[in-house]
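Let's take a walk through this one together. Have the model open and turn it as you read.

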Amino acid sequence: MVETLDNKPSTAYWIIAGVLLAWNLIGLLFYYQQSTLTPDIMMDAGLTDAQIAHITNTPAWAHAGYALAVNAGVLGALLLLLRKAWAIPLFYISLAGALIQDLDAFVLRDAMEVWSTPSAAFPPYVLPLVVIVICVFEIWYARSAKTKRWLS
């Protein structure tokens, strides 16, 4: 039996879901970029030897966490646009992947020391913190949409 949705989402719902998809696609692009970078390209981009080593020495489990985060985020956002409740567990997986990646970078390896430079626009923990906040927002928003019966 197919459940029909009787509530139409607001225009804001579609805008927010579209922005979340764009955000996650940008994350997927960064993941692909990091996965295909060579030390020569990183050196040409102006990264220090310590930064290049930090990227190239990322353990497979942390890289897999990154992959989980971005791929689950993209799928979750697509499912949100399709009004499917499966977006919710995918957003949880995305959050878990981001936390796994940050565990490696900030707890097990000192990303703060490697990425803190005098010319940096903001401290290296800002973007990962923004990612976590958006992951939590995605979960909250999808659960809220489910409660409003916008998702099936």
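How much of the chain counts as buried? Of its 152 residues, 36% do. Keep in mind that you're looking at a predicted model. The mean pLDDT of the chain is 91, and 94% of the residues reach 70 or more. Confidence isn't even along the chain, though: it peaks in H4, at a mean of 97, and bottoms out in helix H6 (residues 111–115), at 80. As a rule of thumb, predicted coordinates should not be read in detail where pLDDT is low.

Now for the overall layout. The chain has 7 helices and 0 strands, so if you trace the elements from the N terminus on, you read α-α-α-α-α-α-α. Along its principal axes, the C-alpha trace spans about 55 × 30 × 25 Å. To get a feel for distances inside that outline, pick out Lys8 and Ile100: they sit 92 residues apart along the chain, and their C-alpha atoms are separated by 36 Å.

Next, look inside. The largest nonpolar core has 26 residues. If you want a way in, start at Tyr13, Leu80, Phe91 and Leu151, which have the most contacts inside this core. Helix H1 (11–36), H4, H5 and helix H7 (126–147) each supply at least two of its residues. H7 gives the most, with 7 residues. This fits a general trend: in soluble globular proteins, nonpolar side chains tend to be buried together.

H4 is worth a closer look. This helix covers residues 60–81, which makes 22 residues. At 1.5 Å a residue, H4 should span 32 Å, and its end C-alpha atoms are 31 Å apart, so the two values agree.

Step just past the end of H4 and you meet Arg83, which takes a positive phi of about 65°. Arg83 lies in the loop between H4 and H5. Why does that angle deserve a glance? Most residues other than glycine have a negative phi. Arg83 is not a glycine, yet its phi is positive. And is Arg83 buried or exposed? It counts as buried, because its relative accessibility is 16% and the cut-off for buried is under 20%.

There's another arginine to check in the segment after H7, namely Arg149. Its phi is near 65°, again a positive value in a residue other than glycine. Arg149 has a relative accessible area of 41%, so it is partly exposed; that label covers the range between the 20% and 50% cut-offs.

Finally, come out to the surface. Which residues make the nonpolar surface patch? They are Trp61, Ile100, Leu103, Val107 and Leu108, and the patch comes to about 460 Å². Helix H5 (residues 87–108) gives the most to the patch, with 4 residues. Take two members that sit in H5. Leu103 is in this helix, and with a relative accessible area of 38% it is partly exposed. Ile100 is in H5 too, and at 30% relative accessibility it also counts as partly exposed. So H5 works on two fronts in this picture: it supplies at least two residues of the core and gives the most to the nonpolar patch.

Terms used:
Residues numbered from 1 in each chain as written. Heavy atoms only, no water. Patch = residues over 30% accessible without salt bridge, like charges linked within 9 Å, V, L, I, M, F, W, Y side chains within 5 Å. Areas by Shrake-Rupley, 256 points an atom, 1.4 Å probe, with all protein chains shown as cover. Salt bridge = Lys/Arg side-chain N within 4 Å of Asp/Glu carboxyl O. Buried < 20%, exposed > 50% of the residue type's maximum accessible area, 1.4 Å probe, protein only. Expected span 1.5 Å × (residues − 1). pLDDT = per-residue confidence, 0-100. Core = buried A, V, L, I, M, F, W, Y, C linked by side-chain atoms within 4.5 Å.
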